[in-house]
Amino acid sequence: MKFLLAVLCLAVFCSLTHAKETKPFEKGEEIILECRDSASGDWRPGLTCAEDGSNLSFRFGEDSFMHCSWFLTPQDYDFAVKVISQTDAWQCRIPMSSDKSFYLPVVVPLWGISEPSHFHLNYHINFIFHVDQGRIIGVSSYPVKDKFQFGRPGSLLNLHGLVRWFDRHSYNSLTSSTHQPSLPTVYLSWISIAGWCCVSSLITIIFASLLYTLRIKPLLIKRYLK
């Protein structure tokens, strides 16, 4: 009975360990920036680029130059004014892994000067990502002084900036890092988990067999063969 209970507990532990594993991104996989809708509070694609109607997104592990034109509706203009004035925040998020089990928060700041009828916005915004084993462990965006663009309802803001990917907690480029995640590394992680479970099961079986042979069996013989 104790042996069966031990095996059951081991199986549950292995299942929980397996369930906590997340699916890593593949190089070049599209990652869409999601932002909280200021009116409904729902998470939606953060920005629709006026050039082609696509959502602002990034390619995992690929350094690039972001360009996305933002058409200012009256609602967008009012929201941008609040963000520039720091009375509201542009709250967004990025999935940590491909299966979107967890998200990392990222605030998109807008640096500018708000006037009664318009604003002047610095339109250069950089995005940086930190990656470990195919999973995003850090993300940030920040404005870099460039030119300030005039904006009012109906304007088209030409947001642009660098997108850079770094290895783990460093500022070493992910593309040149020896720790860049690869498919064999993913397979090895699963193999190591399976191997650990098999070894644990084998040790449990050996221990249970020894316990039965050296302790339980002699007690049973002594009890029923008196």
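Colleague: Which residues does Trp 90 touch, not counting residues up to four places away in sequence?
Modeller: This is a predicted model. Trp 90 reaches residues on both sides of it in the sequence, among them Cys 35, Gly 46 and Leu 47, and also Val 106 and Val 107. The full set is Cys 35, Gly 46, Leu 47, Trp 70, Phe 79, Val 83, Val 106, Val 107, Val 108 and Leu 110.

Colleague: Which residues of the largest nonpolar core touch the most other members?
Modeller: The core holds 40 residues. Two tryptophans touch the most other members: Trp 90 and Trp 165.

Colleague: Which element gives the most to this core?
Modeller: The elements that give two or more residues are β5, α2 (74–84), β6, β7 (103–107), β9 (119–122), β10 (125–132), β11 (135–143) and β13 (156–167). One of them leads with six residues. That element is α2.

Colleague: How many disulfides does a search of the whole structure find?
Modeller: Cys 35 and Cys 92 form a disulfide, with sulfur atoms 2.0 Å apart. Cys 49 and Cys 68 form a disulfide as well, their sulfur atoms also 2.0 Å apart. The search of the whole structure gives a count of two.

Colleague: Is the disulfide of Cys 35 and Cys 92 right-handed or left-handed?
Modeller: Look at the torsion about the S-S bond of Cys 35 and Cys 92. It is about 90°, so the disulfide is right-handed.

Colleague: How many residues apart in sequence are the parts that Cys 35 and Cys 92 tie together?
Modeller: Cys 35 lies in strand β2 (residues 34–36). Cys 92 lies in strand β6 (residues 91–95). The pair therefore ties together parts whose separation in sequence is 57 residues.

Colleague: Is Cys 92 buried or exposed?
Modeller: Buried means under 20% relative accessible area. Its partner Cys 35 has 5% and is buried. Cys 92 has 3% relative accessibility, so Cys 92 too counts as buried.

Colleague: Is the disulfide of Cys 49 and Cys 68 right-handed or left-handed?
Modeller: The S-S torsion of Cys 49 and Cys 68 is about -110°. The sign is negative, so this disulfide is left-handed.

Colleague: Where does Cys 68 lie?
Modeller: Cys 49 lies in the loop between β3 (43–45) and β4 (57–59). The disulfide ties together parts that are 19 residues apart in sequence. At 0% relative accessibility, Cys 68 counts as buried. Its element is strand β5 (residues 64–71).

Colleague: Which side chain makes a polar contact with that of Ser 97?
Modeller: Ser 97 sits in the loop between β6 and β7. Ser 97 is buried, at 0% relative accessible area. Beyond four places in sequence, Ser 97 is in contact with Thr 22, Lys 23, Phe 25, Phe 102 and Arg 135. The polar contact, of 2.6 Å, is with the side chain of Asp 99.

Colleague: Is Gln 86 buried or exposed?
Modeller: Gln 86 is in the loop between α2 and β6. Its phi is near 65°, a positive value in a residue other than glycine. Exposed means over 50% relative accessible area. Gln 86 has 73%, so Gln 86 counts as exposed.

Colleague: What is the phi of Gln 133?
Modeller: Gln 133 is in the loop between β10 and β11. At 33% relative accessibility, Gln 133 counts as partly exposed. Gln 133 is not a glycine, yet its phi is positive, at about 55°.

Colleague: Which strands stand at the edges of the open three-stranded sheet?
Modeller: The strand order is β8-β9-β12, with antiparallel pairing. Each edge strand has a single partner strand, so one side of each is left without a neighbour in the sheet. The edges are β8 (112–114) and β12 (148–151).

Colleague: Which helix packs on this sheet?
Modeller: The sheet's twist averages 25° from one strand to the next. The packing helix touches β8, β9 and β12, and its direction makes about 70° with that of β9. The helix is α2.

Colleague: Which backbone oxygen does the side chain of Ser 170 reach?
Modeller: Ser 170 is in the loop between β13 and α3 (183–224). A polar atom of its side chain lies 3.1 Å from the backbone nitrogen of Asn 172. At 2.7 Å, the side chain of Ser 170 reaches the backbone oxygen of Asp 167.

Technical notes:
Residues are numbered from 1 along each chain as its sequence is written. This is a predicted model: local features need pLDDT of at least 70, side-chain atom pairs count only at pLDDT 80 or more; totals for chains, interfaces and linings use all residues. Side-chain values use heavy atoms; hydrogens and water are left out. A disulfide is a pair of cysteine sulfur atoms within 2.5 Å. Helices (H or I, at least four residues) and strands (E, at least two) are DSSP runs, numbered from the N terminus. Buried means under 20% relative accessible area, exposed over 50%, partly exposed in between (1.4 Å probe, protein chains only). A nonpolar core is a set of buried Ala, Val, Leu, Ile, Met, Phe, Trp, Tyr and Cys residues joined through side-chain atoms within 4.5 Å. Contact means heavy atoms within 4.5 Å. A polar contact is a pair of N or O atoms within 3.5 Å; within protein, one must be able to donate a hydrogen and the other to accept it, and residues adjacent in sequence count only if both atoms are side-chain atoms. Two strands pair if DSSP finds at least two bridges between them. Axes are lines fitted to C-alpha atoms, for helices over the stretch in contact, and angles run from 0 to 180 degrees between N-to-C directions.
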